[in-house]
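Trainee: I've just opened this one and I'm not sure where to begin. Could you walk me through it?

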Amino acid sequence: MLSQEEVLQICRKYQLKCGICETGNDHFRLARDIVRPAKTEGDGHAIEYKWNKPGFDGINPLDFFWGVCSKCRYTGELDDAQFRQAERDIKGFREGLDADGLRNMLTGLSTGSGLTQLLGKRLGDADPLVVVVAQFHLGIFSHCLGQKISPGNIARYYLRLAWVYRDQKKYYPDSDLQQIEGKFDKLAKRFKGELPKNSDYPVEPGLALSEEGALRFARAYFERNYELLREAKPEDELRLRYLMAEIGYRLYELTGAPDDFKKAAAFFSGTMQKCLSIISDKSVVGGAVNRAKEMLEKAGERGRELRALNKSRGGDGEFDEEEEGAGEKKAKSEKAKPEKGKPEKAKVKGKKAVVAPTGNGQSAKVQAKVPKTAEAPAAAPKAQAGVDAGQSVRQTAIMKEEVDRLQDRVKELEEENKRWRQLAGRDALTGFSSKVMLVRFALPKLLKLLPKSGPYSCYAISFDEFARVNDGHGWSVGDKMLKESARNLRKLSQEAEGDEWYRLDGAHFALLSRGDNNTARQRSADMRRRLSKVSVQVDQTQMPLMPSIGVVTVERALSDSFGDVANKIYEALMQSLAKAKEKGGNTVEMFNATKF
């Protein structure tokens, strides 16, 4: 089983609301172009996959085919946009379902004994193959809840389930198919009993607990799909004919039954005849003719291989022309029905119980002998070793991705912090650093260096006439006055190295500079005197720079918590400024303490 970190390497996570019970669910759908078949068999089964991530060769992509609701167990194909978008119109989605089927499903949910709930219990099984088999049958059953079924979709689901069984030794080496059959066998009657009635079924859907059973269902529904084709492109009809022929070939490999041979041979022959009709049709031109020629060659070769296999099993490799016509007629004009009775036993070793549809629509257990060619070449221990190696590669890839992600995140945070420091640290109007920079960065840094650098003094300067300008002339003129005031403050610090100016708020400014208490007393008096002689003018408005100044000198920090000490210094600075204003302004107030 993959961990969620491993799953997220190859999947996109969808958070969807169930169209039946409105429960929120997390579904994991394979990411676009993350995997593709590298080599396939005639019926589309992928012998090899090419993953764009290392370490996933032991994972079956079909494990991520379905999305299952965690509550009601309604299941949909993750590639189906209608399923993914059901929450946009839940009422409309429900209206598209069979009313009785939906009612029975919800009743089973409330009692905990409905088919979907019983199948849902298999999703917690320790055997991953049991989980996948349960998902496919939940998906088939959910599709059949619709008022209109799609034979093509049901056929695809059964065909892919057949591939799951075919790949048992490759992807699920520890699974036992006979034990799995026992876990589902008792649900066969419940499946058919709770299935909504539908006249469009060529054969009633049921549990397929083996590759043979799944292929028989798939062929029956592909035949119905072929029957319903209307004005299809010749290439589409060809592909469907050939697919049914390949399914028949595989069935004959599994069973050795004469009826399976005859039906497969009939479809190969019919495919070749259709190819010849396309090639000879002058109205069909271009690529369609070339593809028909390729299909003709392929179908001919596979037909010869089928006959050779039949001869190796004691047959004559031939079949009656009447059988060919009957096979074509059955696929084109009748509802396709599975063969009556049980297929003959193949003369090879290795019996396996399967459930296959019979002529009366019921499921019957038959004994099918599986040829050695159907077995995966890799032994279970070797497969297990491959899984373990793949897990190591996946975990390594996860760690590398996590490191890369963290490095990228660190860079993002550094850039983000830089932007925030620029936004929070600089006053756009005056160009001075902000109060945040003073309290959170400058003062803590100063306190840390205090033992080596010596005492610092902090001056708070407020212009007493500024409120009058704002009230009398508005904020626009006031802002211009602030810019001019800041320009005059800069002139005061041109003579002193290391001075740093800050705008606190309104017309409150701060200066951070080296110097002890005596130096601060002299400098603050000099600043008050010089600023009092200056006036700034904006348009026709003039404002004298009469300042109130509060001063705090810091000689020692009494705590290692520099952030707390910085806050105390700022509070002391504001207290001294407030006292200067209370005295009528245009004055200096020194704070008594120098240790904080």
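Mentor: Sure. Let's start with a term we'll need for loops: helices and strands are DSSP runs, numbered from the N terminus, with at least four residues for a helix and at least two for a strand. Keep in mind that this is a predicted model.

Trainee: How many helices and strands are there in the chain?

Mentor: The chain has 20 helices and 16 strands. Of its 596 residues, 49% are buried. Looking at contacts between residues at least 6 apart in sequence, 69% join residues at least 24 apart.

Trainee: Now the loops. Which loop holds Asn-586?

Mentor: Asn-586 sits in the loop between α20 (562-582) and β16 (588-590). Its phi is positive, about 50°, although Asn-586 is not a glycine. With a relative accessible area of 26%, Asn-586 is partly exposed. Asp-33 also has a positive phi, about 60°, and is not a glycine. You'll find Asp-33 in the loop between β2 (24-30) and β3 (35-40).

Trainee: Is Asp-33 buried or exposed?

Mentor: Exposed counts as over 50% relative accessible area. Asp-33 has 60% relative accessibility, so it counts as exposed.

Trainee: How do I read a pair of packed helices?

Mentor: Two packed helices are described by the angle between their axes and the distance between the axes. Here, the axes of α13 (residues 258-280) and α14 (residues 287-312) come within 9 Å and cross at roughly 155°. That makes α13 roughly antiparallel to α14. Their crossing is left-handed. As for the residues of the contact between α13 and α14, 16 are nonpolar, four polar and three charged.

Trainee: And the strands? What does Ser-457 touch?

Mentor: Ser-457 lies in strand β10 (residues 456-463) and is buried, at 1% relative accessibility. Leaving out residues up to four places away in sequence, Ser-457 touches several residues, among them Leu-511, Ser-513, Asp-516 and Val-552. Gly-515 is also on that list, and its backbone oxygen lies 2.9 Å from a polar atom of the Ser-457 side chain.

Trainee: Where does Leu-504 lie?

Mentor: Leu-504 is in strand β11 (residues 500-505). Its relative accessible area is 9%, so Leu-504 is buried. Setting aside neighbours within four places in sequence, its contacts include Lys-435, Phe-509 and Tyr-570. Try one distance yourself: the C-alpha atoms of Leu-504 and Ala-460 are separated by 8.7 Å, with the two residues 44 apart along the chain.

Definitions and conventions:
Residues numbered from 1 in each chain as written. Predicted model: local features only at pLDDT ≥ 70, side-chain atom pairs only at ≥ 80, totals over all residues. Heavy atoms only, no water. Axes fitted to C-alpha atoms, helices over the stretch in contact; angles between N-to-C directions. Parallel < 35°, antiparallel > 145°, perpendicular 65-115°, else oblique. Left-handed = near helix turned anticlockwise from the far one by under 90°. Nonpolar A, V, L, I, M, F, W, Y, C, P; charged D, E, K, R; others polar. Buried < 20%, exposed > 50% of the residue type's maximum accessible area, 1.4 Å probe, protein only. Contact = heavy atoms within 4.5 Å. Polar contact = N/O pair within 3.5 Å; in protein donor to acceptor, adjacent residues only side chain to side chain.
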